[in-house]
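Colleague: Before I rely on any of the terms used for this structure, I would like to go through them one by one. Could you set each value against the criterion behind it?

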Amino acid sequence: MNRLSLGIAVLGSTGSIGTQALDVISRMPKRFRVVGLAAGSNAELLGKQIKEFRPIVASLASPTAARQLRAEQVPGTTILDGLNGLREIVERDDVDLVLNAIVGAAGIVPTLAAIKAGKDVALANKETLVAAGSVVMATVKKHQVRLLPVDSEHSAIFQCLQSVNGAYLHKVILTASGGPFRQSTREELEKATVENALAHPTWNMGGKVTIDSATLMNKGLEVIEAHWLFDVPADRIEVVVHPQSIIHSLVELTDGSVLAQLGAADMRLPIQYALTYPERLPSPVPTLNLSSLGSLEFEAPDTERFPCLRLAYAALAAGGTFPTAMNAANEVAVEAFLRGSIGFMDIPRLVGKVLERHTGVKEPDIQDILEVDASVRAQVIDWCKVNPCR
Ligand SMILES: NC(=O)c1ccc[n+]([C@@H]2O[C@H](COP(=O)([O-])OP(=O)(O)OC[C@H]3O[C@@H](n4cnc5c(N)ncnc54)[C@H](OP(=O)(O)O)[C@@H]3O)[C@@H](O)[C@H]2O)c1
């Protein structure tokens with residue numbers, strides 16, 4: 001085995017980011033060795049990935065799905081399951097870099113385990129930083145590892161900051177496509193269907209993040225993510241709607257100069273930059289043809305029609321476990337919407353209701369965070385059963 005290559009574990013390998021990451025990795029066979037793969041319950045796709053990438057370990061969250069995969073007996077790959085399976089993968093000595101592309105707060109524990117084991121983490125799983133930002137950043141500092149952003153907006157900011165002394169950063173400007181309902185009225189939003197909400201105009205992503213983009217909660221989560229990654233207070237994080245998704249985000253410096261990162265709307269670019277940082281290597285992403293782009297538009301977000309963005313700023317201002325509670329409420333509400341149990345605008349209603357009632361822990365440890373996450377989930381699952389917002 002080539003010990004000069006980087007041992008990589010891809011968590012969430014069967015998802016939108018995970019499959020694109022494996023595409024990037026497959027183009028650089030000398031650079032990366034896939035040591036571990038993990039997913040939730042998709043045994044069929046994970047089985048195919050195991051045959052192609054021959055990892056030493058693979059894991060599924062679902063023990064039943066893991067049993068199904070074990071029955072296939074792929075020589076050379078040990079099949080694990082559950083949270084312990086994820087821990088075992090990220091703690092291995094031959095893993096150098098962990099790409100976390102799990103969706104939701106399920107990503108918190110493996111992220112922390114990877115950092116504690118001294119691994120660099122390429123983080124797509126924004127919910128980890130939203131729900132547990134203070135604990136994660138303190139752990140990164142303690143273990144002196146790199147936390148590399150994969151989210152396109154945060155990658156853009158990270159890229160802009162490469163040439164800048166961080167002390168000169170005045171403001172972070174996150175761009176948002178505005179999602180499929182950018183021009184919808186409040187009445188239309190009340191009647192929005194799952195099918196319409198999943199029809200994102202510029203990005204092709206997993207279900208949860210696509211719904212988050214439609215409610216603008218995704219941008220709210222990203223405001224909190226940016227706060228932790230770049231140590232910027234909420235009043236210096238601005239959101240601007242930019243429907244073309246060509247400018248992936250910007251930074252404003254002390255002297256008023258603004259730097260931006262532009263590129264095609266293709267996640268393989270920020271994924272590759274996180275995996276090969278600080279190097280810039282050729283990629284399969286199409287280059288921009290500025291003359292054919294026409295105009296780039298910008299507008300302020302409307303937090304009356306999209307209250308989730310306002311709620312996220314409020315949760316960040318409240319601090320402590322408020323963002324944890326908000327994230328848990330949103331995850332359950334999005335699942336309920338996707339199942340057809342609640343309406344589109346019930347998502348912000350449920351999140352708002354949770355934030356109104358949450359008492360919060362001011363300086364939470366990981367136990368507090370996991371407890372708030374679990375109790376809010378249980379509460380919102382109950383509320384969704386009776387659909388109290390209607
Ligand atoms: N998609 C994008 O373009 C994009 C852009 C920026 C940031 N992100 C962020 O990246 C993360 C992943 O997004 P996505 O769109 O790739 O989601 P996705 O397509 O839904 O994929 C989620 C992945 O997580 C796995 N998973 C779910 N629960 C798990 C658990 N408990 N343990 C282990 N694996 C689990 C899923 O496995 P199964 O397939 O078996 O269910 C799947 O591999 C999210 O935090 C999202 O906000 C995504």
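Colleague: How many residues surround the ligand, and which are the closest?

Modeller: Bear in mind that this is a predicted model. A residue counts as near the ligand if one of its heavy atoms lies within 4 Å, and 24 residues surround the ligand, the closest being Thr-14, Ser-41, Asn-42, Glu-127 and Asp-151. Eleven residues of this shell are nonpolar, ten are polar and three are charged, while α1 (16-26) and α6 (126-143) each supply at least two of the shell residues.

Colleague: What makes the approach of Ile-17 to the ligand a polar contact?

Modeller: The criterion is a pair of N or O atoms within 3.5 Å. A polar backbone atom of Ile-17 is 2.9 Å from an oxygen atom of the ligand, so the pair meets that limit. For Ser-41, a backbone N or O atom lies 2.7 Å from a ligand oxygen atom, and for Ala-39 a polar backbone atom is 3.4 Å from a ligand nitrogen atom; these pairs therefore also qualify under the 3.5 Å limit. As for cover, the ligand taken alone exposes 890 Å², of which the protein buries 85%.

Colleague: Why are β4 (78-81) and β7 (147-149) said to stand at the edges of their sheet?

Modeller: The sheet is open and has seven strands in the order β4-β3-β2-β1-β5-β6-β7, with parallel pairing. β4 and β7 each have a single partner strand, so one side of each is left without a neighbour in the sheet. Neighbouring strands here are turned by 20° against each other on average, with direction ignored.

Colleague: How do you know that β5 and β6 pair?

Modeller: Pairing requires at least two bridges between the strands. Four bridges join β5 (residues 97-100) to β6 (residues 120-123), so the requirement is met, and the two strands run parallel. Leu-99 stands opposite Ala-122 in β6.

Colleague: Which strands do helices α3 and α12 lie across?

Modeller: Helix α3 (residues 63-71) lies across β3 (57-60) and β4, running at about 170° to β4. Helix α12 (residues 268-276) lies across β1 (6-11), β2 (32-39), β5, β6 and β7, and runs at about 160° to β7. In the loop between α12 and α13 (290-293) lies Pro-278, and the peptide bond leading to Pro-278 from Tyr-277 is cis, with omega near 5°.

Colleague: What makes Gln-144 worth a remark?

Modeller: Gln-144 has a positive phi of about 55° although it is not a glycine, and it is found in the loop between α6 and β7.

Colleague: What is the strand order of the open sheet with mixed pairing, and which are its edge strands?

Modeller: That sheet has four strands in the order β9-β8-β10-β11, and its edge strands are β9 (237-241) and β11 (258-262), each pairing on one side only. The twist averages 20° from one strand to the next. β10 (residues 247-253) and β11 pair in the antiparallel sense over five bridges, and since at least two are required, they count as paired. Ser-249 stands opposite Gln-261 in β11.

Colleague: Which helices pack on this sheet, and which strands do they touch?

Modeller: Helix α7 (residues 152-161) touches β8 (169-176), β10 and β11, its direction making about 40° with that of β10. Helix α11 (residues 217-230) touches β8 and β9, and its direction makes about 155° with that of β8.

Technical notes. Residues numbered from 1 in each chain as written. Predicted model: local features only at pLDDT ≥ 70, side-chain atom pairs only at ≥ 80, totals over all residues. Heavy atoms only, no water. Polar contact = N/O pair within 3.5 Å; in protein donor to acceptor, adjacent residues only side chain to side chain. Areas by Shrake-Rupley, 256 points an atom, 1.4 Å probe, with all protein chains shown as cover. Nonpolar A, V, L, I, M, F, W, Y, C, P; charged D, E, K, R; others polar. Axes fitted to C-alpha atoms, helices over the stretch in contact; angles between N-to-C directions. Contact = heavy atoms within 4.5 Å.
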